[in-house]
Amino acid sequence: MYSECIMKRLLGLILLVASTLSFGNDTETTKTLTITGKLMPSSGLPLPMDMESFSMRAVRDVDLASAEVTIYKAIEDVTGKSSFELLAKGNFVDGEITLNESIENTLDLKISVDIGFEEPITLELPAGPSSTVSFALVDASPYRSQLHLLGASRRVKDSKNKFSISGDMNFLDIDVEKALVTIETSEYDKLGHQVSIKFGSVLLEDGKFLIEAEVTEPRPVSILFGTEGEWAAIKAIVQPRASLTLTFRSSWIKDLVVVSGTGKHSELFESWQQSEEYLSTAREYRIAYQEFHDNKNTDGDTNNSRSEDGENLESETPKYQELLSELKRIRIGFWNDVALHAEDPMDALLAVELGALSRSEKRLAVYDRLSNSLDTDLVARRVTHARNMHAKTLAREGNDKSLTVGKTVSDFTLPNLDGDKFSLFELLEENDFVLLDFWASWCGPCIESFPALKDLYSSYKEHGFEIVSVSIDETHELWSEGSKDHDLPWINLGEAKGWTGEIATAYGVNFIPKGYLVDKERKIVQKDVSPEKLKTFLIEEYGEKESLEEPKDSL
């Protein structure tokens, strides 16, 4: 009897363990991914800042409540080609939507929202089992609607490369429920083009946010935080396994600070940020800034301060700007020292990327030293092209300083949109004066100057005056589209190499619009000439034309 009882107990125990194991397996394989979304009005939210979004104005009212939400998962075929497969779909009900799907592994998702007549708005991100992804569809009429993650952005597949930045922003004197935080950086591709890398962007939820992403090495990032009309931009250093917090010194949005306590961020930021010199200057800056803007709002004088007897003190630098320069001196001075003397080459690279030696030949020497001490792949991505860009910047600034009135310009030959090539010297032989006007399709002040230049051109082109525009757009397509939009009547040439083109560098183009008025002797008559100054010059040379309208000075 005893042995039979023992056997029954053992059998019961075995059945219990088997049942438990079976139950455990079921819970492991049945894990739910939850995706929630809600509709939000745009009032007070940051508007889109990219040109595409600004150009896509709504042609009719948008009913976002009828938007269709589709979730896709990324798949690969046997050849390794990627595509997206439907995972779930649904519609908003009372301004909210919840979709649940059972998944076994982390997936690359695409959230697509179709509101009827615009192209669907999308977000792509990884998501794992037992996780929740929240998003907000923002009615940004009359601009293109916006799709943002809400509260948290988690873009981590390999935990050993994970970093996080979080914050509780409820202490700020702004409506934090309508605040957006974005973390991004940039680096050069193999062709030497600077490309943006976005680590995450979220709308705050209950005043808080969390962004998790991956990096394989320490690198600087920009943290952009704010609402419509109120923004702050600060820098930080992220690296694998780093946990950073966006916090505050006061309730003022421009008084944010990132803390970590360890790692490269602590080494390159927290020492000078916690110095008494920096803290006291920061307090003075905050008070001076607020006093300046309070006074400006009171008397309506946005440009000049006044003495006690009411006299305008033109050209006087506001105290807060002087203090801002002092804050910059403290941090740049620290980074300069790191760039020049750090034993760890990564520290020197980070200091340079943060802004050390930004107008100095010494930066080239630092780049050269780093090229011999850092990993070859890292040098290719973060040193070689950056060094070339800095060398061109120094050359451009030097050329700008040397090209003064009376100096002789250099020749160049560039094509127009039809591919016909024009030489500057040949055009100078055919005309008394040539206005060399550097511009780009995205340059607002350039475009604002065109009507006045068109008036001057039509009045004086038959008298020996010519205009030669040189586009510094990055691509032929942007140059072509911008030219068609504004119908330029003069000789319109393009280099399509951005700021780093040989012609832009040779002529010291550090800003646009930038104009040189050159005479038949190839000498500069006027530099950085505005339409108003050009009009005065042409009237003195050729006399005033009755049809000439008063040009606006856009510079």
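A polar contact is a pair of N or O atoms within 3.5 Å, and this cut-off is used in the first exercise on this predicted model.

**Exercise 1.** Determine which backbone atom a side-chain oxygen of aspartate 344 reaches at the start of α6, and what follows just after the helix.

*Solution.* Begin at the start of α6, where a side-chain oxygen of aspartate 344 comes to within 2.9 Å of the backbone nitrogen of methionine 346. Set beside the cut-off of 3.5 Å for N or O atoms, this pair, at within 2.9 Å, can be examined as a polar contact. Then move to the other end, where glycine 355, just after α6, adopts a positive phi of about 130 degrees.

**Exercise 2.** Establish how many residues of α6 are buried, and which elements they pack against.

*Solution.* First count along residues 345–354, of which 8 of 10 are buried, leaving the helix mostly covered. Next name the buried residues, among them Met346, Asp347, Leu350 and Leu354. Finally, look at their surroundings: the buried residues of α6 pack against β14 (219–227), β15 (230–238), α3 (263–273), α5 (319–341), α7 (362–371) and α8 (376–382).

**Exercise 3.** Work out why strand β7 is described as largely enclosed, and how its neighbouring strands run.

*Solution.* Start with burial: 6 of the 8 residues of β7 (residues 132–139) are buried, so the strand is largely enclosed by the rest of the structure. Then follow the pairing with β1 (residues 31–41), which runs parallel to β7 and is joined to it by 8 bridges, with threonine 34 opposite threonine 132. Last, turn to β8 (residues 146–150), which is antiparallel to β7 and joined by 4 bridges; here histidine 148 is the bridge partner of alanine 136.

Methods: Residues numbered from 1 in each chain as written. Predicted model: local features only at pLDDT ≥ 70, side-chain atom pairs only at ≥ 80, totals over all residues. Heavy atoms only, no water. Buried < 20%, exposed > 50% of the residue type's maximum accessible area, 1.4 Å probe, protein only. Helix = DSSP H or I, 4+ residues; strand = E, 2+ residues; numbered from the N terminus. Contact = heavy atoms within 4.5 Å. Polar contact = N/O pair within 3.5 Å; in protein donor to acceptor, adjacent residues only side chain to side chain. Pairing = 2+ DSSP bridges.
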